Amino acid sequence: MALPKYTETRYRIWHYLYLSICGFVFFFLIAPLFVIFPLSFNAEEFLVFSEGMKRLDPDAFSLRWYHDMVYGTKNPWGLAAKNSFIIAIFATIGAVILGTVAALGLSSRHMPYKGLIMATLISPMIVPLIISGVAIFFFIAKIGLAATHLGIVIAHIILGTPFVVITVTATLSGFDHSVTRAAASLGSNPVNTFMKITLPLILPGVISGALFAFVTSFDEVVVVLFLAGLDNTTIPIQMWTGLREQLSPTILAVATCLIILSTLILVTAELLRRRSERLRGINR
Amino acid sequence: MSSETQKILTTDGIPLEISLKKAEKKNKIKAFLLVAPLLLFIIITYIFPIGEMFTRSIDDRMITNMLPKTFKAMETWDGKELPPEEVFASFLADFKVLAEKKEHGKLGQRLNKEKNGFNTILKKLWRKMNKFEDGNTKEQIMEIHKRFRDVKYWQAIKRTAPPYTMAKYLKGMDMYYDEDGNVTQVEKDRRIHRILWLRTLEIAVVVTILCFLMGYPIAHLLAVLPMKYSNLLMICVLLPFWTSLLVRTASWMILLQQQGIVNDFFVMIGLVADDNRPEMMYNKTGTYIAMTQILLPFMVLPLYSVMKTISPSLMRAGKSLGGTPFVAFWKVYFPLTIPGIGAGCLLVFILAIGYYITPALVGGASGTLISNQIAYHMKETLDWSFASAMGLMLLTGVLAVYWVYNKLVGIDNIKLG
């Protein structure tokens, strides 16, 4: 982005102004996440940087809130984490299977009423969450699954499938269907063809859809607030309760762990996206 | 080429055309069978329940089922003068059935909403219920209380006859049916819902504009920088995108508190006095700041994917044809980014309008939006029909936005990530 030498002064000023605006926005986006890190190691109970921390005094830092997170009295976080992972994993599996199979059908050029069906399938993504929450609650309550893990899993499958459908159809749009025909002509049955030919090729799309579905479930709070009972409390619910009642440093320790988790997910998603682009020959 | 059409046959001896059609049909069924499980799942677990929200929101069968005979008898009554003996007799019969089931209190409460004073006279009726003699029920009921002689009370009962009502929708707009059945506005100082609708709209619009103003420059920078730099900067957009919403809200709560870092910074550069730190949380400012940061990635990603496809030579061509950089940008680059702007704004607006977690945490008293109200009625008051009605009103608004968007930009132009 170097400016050519002949640039007039006013454009030069404009250019640097533009760069500083961009710098500010990037800072605005990323900085809040980094406040949490140091404060979660605070030895004191207040959510401000203590004098000791500003001097980088080692005594001002401690792991007590992490200790509290894991071993604290009446600790809700362990149960919440367990529930969150169980629910998110099963919701992801459900969403991936249903979503991938549907995407295979949708990307067939023989599919009738494609637009209408696509709109129906991704509607849980485009309808505001609170409305989805009310509707899903009515359904789950009616079949008697309120306050059960299974109920929440079903709810999260509904919310997660649109992402899988979108990512997998996107991957399939660059898919060369002649390879499946070749496999069929060589005597492979459709299931075998899917497992050995199609799936490995669309795997990046499937996995990134799975990541979306996982994060959607893992981070979902609106619908769970309607559905969860005392035994189904999840990490987002605990955080929501904690943030409403009292902002304790333990929450920051949990938040730090969540940021690390999201970093891992981000890295995986990025690697997959690049791989997928390379395979589809998009990368210039 | 011969002009005469000769039927081409497959090896089975079936005309090719028919054979192809058959294969086509088979493929169609195959494709549909693949989609069917998810389609059924979504329809049963999601689309039907949204429909159920509608029936629930207009449902008024409770009273219809309580007074079946009365409403049957009222069918022939014109509703202008006191109803005939038959109506009184059926009303008494219905009332006796309800009293046996101990549901007469419910009826009183429900009718009291329709017309004030019903509860008292029904209680009186209940006490004297067993002293009724056969025949001429009308006279006997009218003896109990003078209100039974007032035709307005009978008109109120008749109004509750239909099994559905729009009352919940009216309530969502701070209106109600008054005692004569006209649509009336509630008193000025009690119009809470209209304030909430306007506030929700205001927050969604302001956040969308802020996101656009902040997202456009950085999306542009990301699109024009060489890959190795832009990939690095992209992390700044993607990391918040993948991070839990509650984590980001928590960090804003820390930053914006009165002793928080932002205020510390303002004091340090001398913008505000130390003893006069501004409240940046628990008001609209906090909501705007936090929601903008949280929704900004949803603006940047569609913008970026559109800008990435615009060739830089177009801007150079614009400039070489005599346009200043500004003119070239405005006349060449900007129009090309409109699909991205549309998609980004639509996405942010829709997400913002249904948001409530962040506003509830950092917005304080002014952070209550329509979604909070829906959640409140779902969880606290258990007035599910009212929650459904408001949810559907919100959904109608959202669908209207989609419709306008489709007219202006075209829904197919949406690009995600």
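## A tour from the shared core outwards

Begin in this predicted model by selecting the largest nonpolar core, which has 159 residues and in which Ala102(A), Val134(A), Leu295(B), Val348(B), Ala352(B) and Ile357(B) have the most contacts inside the core. Next colour helix H14 of chain B, residues 284–307, since the largest share of this core, 14 residues, comes from that helix. Domain 1 (10–53) and domain 3 (192–413) of chain B both give residues to the core, so the core lies between them.

Staying in the core, centre the view on Ala352(B) and show what surrounds this residue: leaving aside neighbours within four places in sequence, Ala352(B) is in contact with Ile203(B), Ala204(B), Val207(B), Thr208(B), Met291(B) and Leu295(B). Apart from the largest core lies another core, of 22 residues, and selecting Ile63(B), Leu67(B), Leu107(B) and Leu111(B), which are among them, will take you there.

Now colour chain B by domain, using the assignment of domain 1 to residues 10–53, domain 2 to residues 62–161 and domain 3 to residues 192–413. If you place a marker at the centre of domain 1 and another at the centre of domain 3 of chain B, taken over C-alpha atoms, 40 Å will separate them.

Select helix H20 of chain B next, residues 384–408. Its 25 residues, at 1.5 Å a residue, should span 36 Å, and this agrees with the end C-alpha atoms, which are 36 Å apart. Along H20(B), a run of residues to display as sticks is Ser385(B), Phe386(B), Ala387(B), Ser388(B), Ala389(B), Met390(B), Gly391(B), Leu392(B), Met393(B), Leu394(B) and Leu395(B), which are buried. What covers the buried residues of H20(B)? The cover includes H6 of chain A, together with helix H1 (16–58), helix H9 (167–172) and helix H19 (370–381) of chain B.

From H6 of chain A, move to the contact between the chains, which takes 69 residues from chain A and 69 residues from chain B. On the side of chain A that touches chain B, the elements giving two or more residues include helix H1 (9–40), helix H4 (77–106), helix H6 (129–142) and helix H12 (249–280) of chain A. The largest share of that side, 14 residues, comes from H1(A). Colouring the side of chain A by residue class will show 58 nonpolar, nine polar and two charged residues.

Hide chain B and look at chain A alone, whose secondary structure comes to 12 helices and zero strands. The radius of gyration of chain A is 24 Å, well over the 19 Å that the globule rule gives for 284 residues, so chain A is more spread out than a compact globule. Along its principal axes the C-alpha trace of chain A spans about 75 × 70 × 35 Å, and 42% of the 284 residues of this chain count as buried. Among contacts in chain A between residues at least 6 apart in sequence, 75% join residues at least 24 apart.

End at Thr180(A), which you will find in helix H8 of chain A, residues 178–185. Is Thr180(A) buried, exposed or partly exposed? With 17 other C-beta atoms within 10 Å, Thr180(A) is partly exposed. Not counting residues up to four places away in sequence, Thr180(A) touches Thr193(A), Ile197(A) and Thr198(A). As a last step, draw a C-alpha to C-alpha distance from Thr180(A) to Ile154(A), which are 26 residues apart in sequence and 33 Å apart in space.

Notes: Residues are numbered from 1 along each chain as its sequence is written. Chains are lettered from A and ligands numbered from 1 in the order in which they are written. This is a predicted model: local features need pLDDT of at least 70, side-chain atom pairs count only at pLDDT 80 or more; totals for chains, interfaces and linings use all residues. Two residues are in contact if their C-beta atoms, placed from the backbone, lie within 7 Å. Helices (H or I, at least four residues) and strands (E, at least two) are DSSP runs, numbered from the N terminus. Ala, Val, Leu, Ile, Met, Phe, Trp, Tyr, Cys and Pro count as nonpolar, Asp, Glu, Lys and Arg as charged, and the others, Gly among them, as polar. The expected span of a helix is 1.5 Å times one less than its number of residues. A residue is buried if 20 or more other C-beta atoms lie within 10 Å of its own, exposed if 12 or fewer, and partly exposed in between; C-beta atoms are placed from the backbone. Domain bounds come from an automatic or database domain assignment. The radius of gyration is taken over C-alpha atoms; the globule rule is 2.2 Å times the number of residues to the power 0.38. A nonpolar core is a set of buried Ala, Val, Leu, Ile, Met, Phe, Trp, Tyr and Cys residues joined through C-beta atoms within 7 Å.
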